[in-house]
Amino acid sequence: MKSKLLITFPNSTGDKPIVFNLIKHYNLELNIIKASFDFNFQGTLFVEVNGSSEDIAKALEYVESEGVGAEFINSTISVSEELCVECGVCTSACQSQALVLNDEASLLFNNNKCVGCNLCIKVCPSRAITNGVVAHDF
Ligand code: SF4
Ligand code: SF4
């Protein structure tokens, strides 16, 4: 199964090989979508995780036992139906084709393809797209 996780590292965990352990000991594939550190050396990692549900559950128990926060992110963006004029500009910016116009020129969003790059948010002339991950200080 694939999931998107927001992992928050307090500065006290900076010397622990937590990401390495997730890959090596819990058989997870991690695709880092975004990473940041603030001036207090707290780290935030937004990753796509691929692994069995059992391994992901065990991995979550492990990170929490190390004092690291982990939160599932269901959607990286949302599109306001009221504001969207279905101009298609965002579909040109979306390299992963998570945003497409269908044959009726209606905008479709596939969250499974979204990598959280935020390019669509920047180009939308109607400011119809908002982001749930930016709210976590990226
Ligand atoms: S760019 Fe904005 S207004 Fe145009 S289709 Fe995309 S979300 Fe809708
Ligand atoms: S955040 Fe990036 S990948 Fe996701 S829909 Fe927008 S442009 Fe596409």
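Two strands count as paired if DSSP finds at least two bridges between them. The legends below use this term for a predicted model.

**Figure 1. The whole predicted protein, with its four helices and eight strands.** From the N terminus onward, the elements follow the pattern β-α-β-β-α-β-β-α-β-β-α-β. A box of roughly 50 × 35 × 20 Å, taken along the principal axes, holds the C-alpha atoms. Of the 138 residues, 22% are buried. Among contacts with a separation of 6 or more, 67% join residues that are 24 or more positions apart.

**Figure 2. Strand S1 and its bridges to S4 and S3.** Strand S1 covers residues 2–9, and strand S4 covers residues 69–72. These two strands run antiparallel and are joined by four bridges. One of the residues to look for is Leu 6, whose bridge partner in S4 is Glu 71. S1 also pairs with strand S3, residues 43–50, again in the antiparallel sense, and here there are eight bridges. On this side, Ser 3 has Val 49 of S3 as its bridge partner.

**Figure 3. The surroundings of ligand 1.** The shell around this ligand has 13 residues. The closest are Cys 84, Cys 87, Val 89, Cys 90 and Cys 124. By class, the shell holds 10 nonpolar residues, two polar and one charged.

**Figure 4. The surroundings of ligand 2.** Here 14 residues surround the ligand. Cys 94, Ala 98, Cys 114, Cys 117 and Cys 120 are the closest. The shell around ligand 2 consists of 10 nonpolar residues and four polar ones, with no charged residue.

**Figure 5. Confidence along the predicted chain, given as pLDDT.** The mean pLDDT of the protein is 85, and 92% of its residues reach 70 or more. Among the elements, strand S6, residues 99–101, has the highest mean, 96. The lowest mean, 83, belongs to strand S2, residues 29–37.

**Figure 6. Residues 134–138, where pLDDT stays under 50.** For this stretch the model has 11 contacts beyond four places in sequence. Where pLDDT is low, predicted coordinates should not be read in detail.

Key:
Residues are numbered from 1 along each chain as its sequence is written. Chains are lettered from A and ligands numbered from 1 in the order in which they are written. This is a predicted model: local features need pLDDT of at least 70, side-chain atom pairs count only at pLDDT 80 or more; totals for chains, interfaces and linings use all residues. A residue is near a molecule or strand if its C-beta atom, placed from the backbone, lies within 6 Å of it. Ala, Val, Leu, Ile, Met, Phe, Trp, Tyr, Cys and Pro count as nonpolar, Asp, Glu, Lys and Arg as charged, and the others, Gly among them, as polar. pLDDT is the predictor's confidence in each residue, from 0 to 100. Two residues are in contact if their C-beta atoms, placed from the backbone, lie within 7 Å. A residue is buried if 20 or more other C-beta atoms lie within 10 Å of its own, exposed if 12 or fewer, and partly exposed in between; C-beta atoms are placed from the backbone.
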